[in-house]
Amino acid sequence: RPHLPISSHLLIASLASGDKVVTTSGIHGIVHNVKEHTVVVKVAEGTMLEFDKPAIAVVHKKDVAAAK
C-alpha cells in the first residue's frame, strides 16, 4: 500500500479485536475480527460490516488495564 503514509501502515498493522475504530466514511464501531486484507467491525448489536484495512481512519486502542 504505497499510497498510505507510514503512520497509517502502523495504525493498520496494530489493529486488534476490541479496538474502537472510525472509518474514512465516518462509521464508528468495534473491531470484531482482523483478516489479512480486511477488518470486520461491529457497528450495532448483531450487525457486522467488513472493510478494507485502508478504510480505517482512526483507532482507539482497547485499554488493556481496564480489561483486567
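User: How many residues lie between β2 and β3 in their hairpin?
Analyst: This is a predicted model: local features need pLDDT of at least 70, side-chain atom pairs count only at pLDDT 80 or more, and totals for chains, interfaces and linings use all residues. Numbering starts from 1 along each chain as its sequence is written, and side-chain values use heavy atoms, without hydrogens and water. Strands (E, at least two residues) and helices (H or I, at least four) are DSSP runs, numbered from the N terminus. β2 and β3 form a hairpin, and the number of residues between them is three.

User: In what order do the elements run from the N terminus?
Analyst: The protein has two helices and five strands. Read from the N terminus on, the elements run α-β-β-β-β-β-α.

User: What is the strand order in the sheet?
Analyst: Two strands pair if DSSP finds at least two bridges between them. The sheet is open, has five strands and pairs in the antiparallel sense. The edge strands, each pairing on one side only, are β4 (47-52) and β5 (56-60). The full order is β4-β3-β2-β1-β5.

User: Over how many bridges do β3 and β4 pair?
Analyst: β1 (residues 20-23) pairs with β2 (residues 28-34) over three bridges. β2 pairs with β3 (residues 38-44) over four bridges. For β3 and β4, also antiparallel, the number of bridges is six.

User: Which residue in β4 stands opposite Lys 42?
Analyst: Facing residues can be named for several pairs. Val 22 stands opposite His 28 in β2, and Val 31 stands opposite Val 41 in β3. Opposite Lys 42, in β4, is Met 48.

User: Which residue takes a positive phi in the hairpin of β3 and β4?
Analyst: This hairpin has two residues between the strands. The positive phi, near 80°, belongs to Gly 46.

User: Which elements give two or more residues to the largest nonpolar core?
Analyst: A nonpolar core is a set of buried (under 20% relative accessible area) Ala, Val, Leu, Ile, Met, Phe, Trp, Tyr and Cys residues joined through side-chain atoms within 4.5 Å. The largest one has nine residues: Leu 15, Val 21, Val 31, Val 39, Val 41, Phe 51, Ala 55, Ile 56 and Val 59. In soluble globular proteins, nonpolar side chains tend to be buried together. The elements that give two or more residues to this core are β3 and β5.

User: Which residues does Val 59 touch, not counting those up to four places away in sequence?
Analyst: Contact means heavy atoms within 4.5 Å. Val 59 is one of the residues of the largest nonpolar core. Val 59 touches Leu 11, Leu 15, Asp 19, Lys 20 and Val 21.

User: Is Lys 35 buried, partly exposed or exposed?
Analyst: Lys 35 is found in the loop between β2 and β3. Exposed requires over 50% relative accessible area, and partly exposed lies between the buried and exposed limits (1.4 Å probe, protein chains only). With a relative accessible area of 38%, Lys 35 is partly exposed.

User: With which side chain does the side chain of Lys 35 make a polar contact?
Analyst: Beyond its neighbours within four places in sequence, Lys 35 is in contact with Val 40, Glu 50 and Lys 53. The C-alpha atoms of Lys 35 and Glu 50 are separated by 9.7 Å, and the two residues are 15 apart along the chain. A polar contact is a pair of N or O atoms within 3.5 Å; within protein, one must be able to donate a hydrogen and the other to accept it, and residues adjacent in sequence count only if both atoms are side-chain atoms. At 3.4 Å, the partner side chain is that of Glu 50.
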